[in-house]
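User: Hello, I am new to this structure and would like a close look at a single part. Could you take me through one pair of packed helices and the pieces around them?

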Amino acid sequence: MASLQEPWLLENGNLKGSSKEMRHGRTAHNMSSSSLRKKSDLTLVSKVKCGMLRLLLTNLQEVILGTKLSVLFPAIPLAIAAQCYGFGRPWIFALSLLGLTPLAERISFITEQIAYYTGPTVGGLLNATCGNATELIIAIFALWQHKVEVVKYSLLGSILSNLLLVLGTSLFCGGIANLGKEQKYDRRQADVNALLLLLALLCHMLPLLFRISGASASLTAVPTLQLSRASSIVMLVAYITYIIFQLVTHRQLFEAQEDSDEDDGDVNSEETPVIGFRSGIVWLVGMTAVVALLSEYVVGTIEDASESWGLSVSFISIILLPIVGNAAEHAGAVIFAFKNKLDISLGVALGSATQISLFVVPLCVVVSWMLGINMDLNFNLLETGALAISIITTAFTLQDGTSHYLKGLTLLLCYVVIGACFFVSKTPLNHGNVINLGVNSEVGVITA
């Protein structure tokens, strides 16, 4: 158990050290989600005489009822029933999306519980892997159904929502709630994440520029796809190096300073695990399976929801999916900003954006390569331009290590403008990515 006191913990690519906010595997992502948890009353459960039944009821109360989002759990069986009995497909989409919200928070809770029993390396990698499990599973199912555009839109939306919506709301609310204080944060975390986000942006821009500069789509299609795959491997190598950088070689650079505030007793009240290691593994596998099932429903019904609601698939994927799917950690980041704990808020927003950019996106390209599906890093001109402006704006916003509400408001307004852009955009889902069409034609010629 000595390892529990070590300054480790990587979540969404951000390491935190031995401060009281980060003990026992509590990372920025875990801390943000913990603000939505509630302490379980096990008085009645403890009176059950049967040991196995008491253990089962304890697990159910801690995992299912131990969150303020437990009211959304009924959406899961309702979504399954709607799918089985052929209800309206937009209803299936909406119920599945609502069901994913508490599941994302509960997966964070379970990985934290498992982290009590594992060493720093295993716990850090587990947190890093499960940090954006929902986005990754949705992307994999969309790839399986050959909906490459949905993959690109949803991952782009996750990056934009973290950089502009989550971070902007956190800085704005934190600035309003702490008008008499100067909010400060550790610039080193922001600098490292901004640098890696710029690397990811370069890997996204080069395929687009390569296509634009080419004489024709048929000549640049295959080279662009090859460039995207090579860039994806580079990004994965960069992400692995980033994990080593924070977990091993430069861990001391990311250790949070000891906080003397005493106003976060709710955060530190949970100093021991409430479920066992084996139970945690079973719950993690089970909830991941449920997330996979709901993700399949979401991907399969997104176009029907788009037609029924009169919204484009791009708007639903870029705006609605990230907001609803990650509502738990987003709300937690804002709550900690209110408490003047911006390092946790930045850890959630920047860490998630970095992980999606350097890990989830290139991993999807590699997986599509293995599946024989042509997915490149060309997100089209409008989408790539929005991504570039968002990353650059965020980097400038965080360069001085201090914050006020105007910075947050600026990021929020940027998100509103981008959201309005995709709201008025009515581009069909199969609008014909020139590169993909070109690659398909080239592959057809080679096969012939």
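Analyst: Here is a walk through one helix pair, the segment that leads into it, and a few places elsewhere.

First, a word on how to read the values. This is a predicted model, in which local features need pLDDT of at least 70 and side-chain atom pairs count only at pLDDT 80 or more, while totals for chains, interfaces and linings use all residues. Residues are numbered from 1 along each chain as its sequence is written, and side-chain values use heavy atoms, with hydrogens and water left out.

For orientation, the protein has 17 helices and four strands. Helices (H or I, at least four residues) and strands (E, at least two) are DSSP runs, numbered from the N terminus. Of the 448 residues in the protein, 57% are buried. Buried means under 20% relative accessible area, exposed means over 50%, and partly exposed lies in between (1.4 Å probe, protein chains only).

Now to the pair itself. Helix α8 (residues 187-213) packs with helix α14 (residues 342-371) at an angle of about 25°, and their axes are 10 Å apart. Axes are lines fitted to C-alpha atoms, for helices over the stretch in contact, and angles run from 0 to 180 degrees between N-to-C directions. The helices α8 and α14 are therefore roughly parallel to each other. Angles under 35 degrees count as roughly parallel, over 145 as roughly antiparallel, 65 to 115 as roughly perpendicular and the rest as oblique.

Which residues meet between α8 and α14? From α8, the residues include Gln 189, Asn 193, Leu 196, Leu 197 and His 204. On the α14 side, Asp 343, Leu 346, Leu 350, Thr 354 and Val 361 are among them. By class, this contact of α8 with α14 has 10 nonpolar, seven polar and one charged residues. Ala, Val, Leu, Ile, Met, Phe, Trp, Tyr, Cys and Pro count as nonpolar, Asp, Glu, Lys and Arg as charged, and the others, Gly among them, as polar.

Next, step back to what comes before α14. Helix α13 (residues 327-338) has 12 residues and reaches 17 Å from its first C-alpha to its last, close to the 16 Å expected at 1.5 Å a residue. That expected span is 1.5 Å times one less than the number of residues in the helix. Among the buried residues of α13 are Ala 328, His 330, Val 334 and Phe 336.

Asn 340 sits in the loop between α13 and α14. Its phi is near 60°, a positive value in a residue other than glycine. With 25% relative accessibility, Asn 340 counts as partly exposed.

There is another asparagine to visit in the loop between α14 and α15 (381-397), namely Asn 380. Asn 380 has a positive phi of about 75° although it is not a glycine. Asn 380 is buried, with a relative accessible area of 11%.

One link back to α14 comes from strand β4 (residues 402-403), where Ser 403 is found. Leaving aside neighbours within four places in sequence, Ser 403 is in contact (heavy atoms within 4.5 Å) with Leu 171, Gln 183, Tyr 185 and Leu 342. Ser 403 is buried too, at a relative accessible area of 8%.

Finally, a glance at another helix: α4 (residues 89-115) has 27 residues and reaches 38 Å from its first C-alpha to its last, close to the 39 Å expected. Of those 27 residues, 23 are buried, so α4 is largely enclosed by the rest of the structure.
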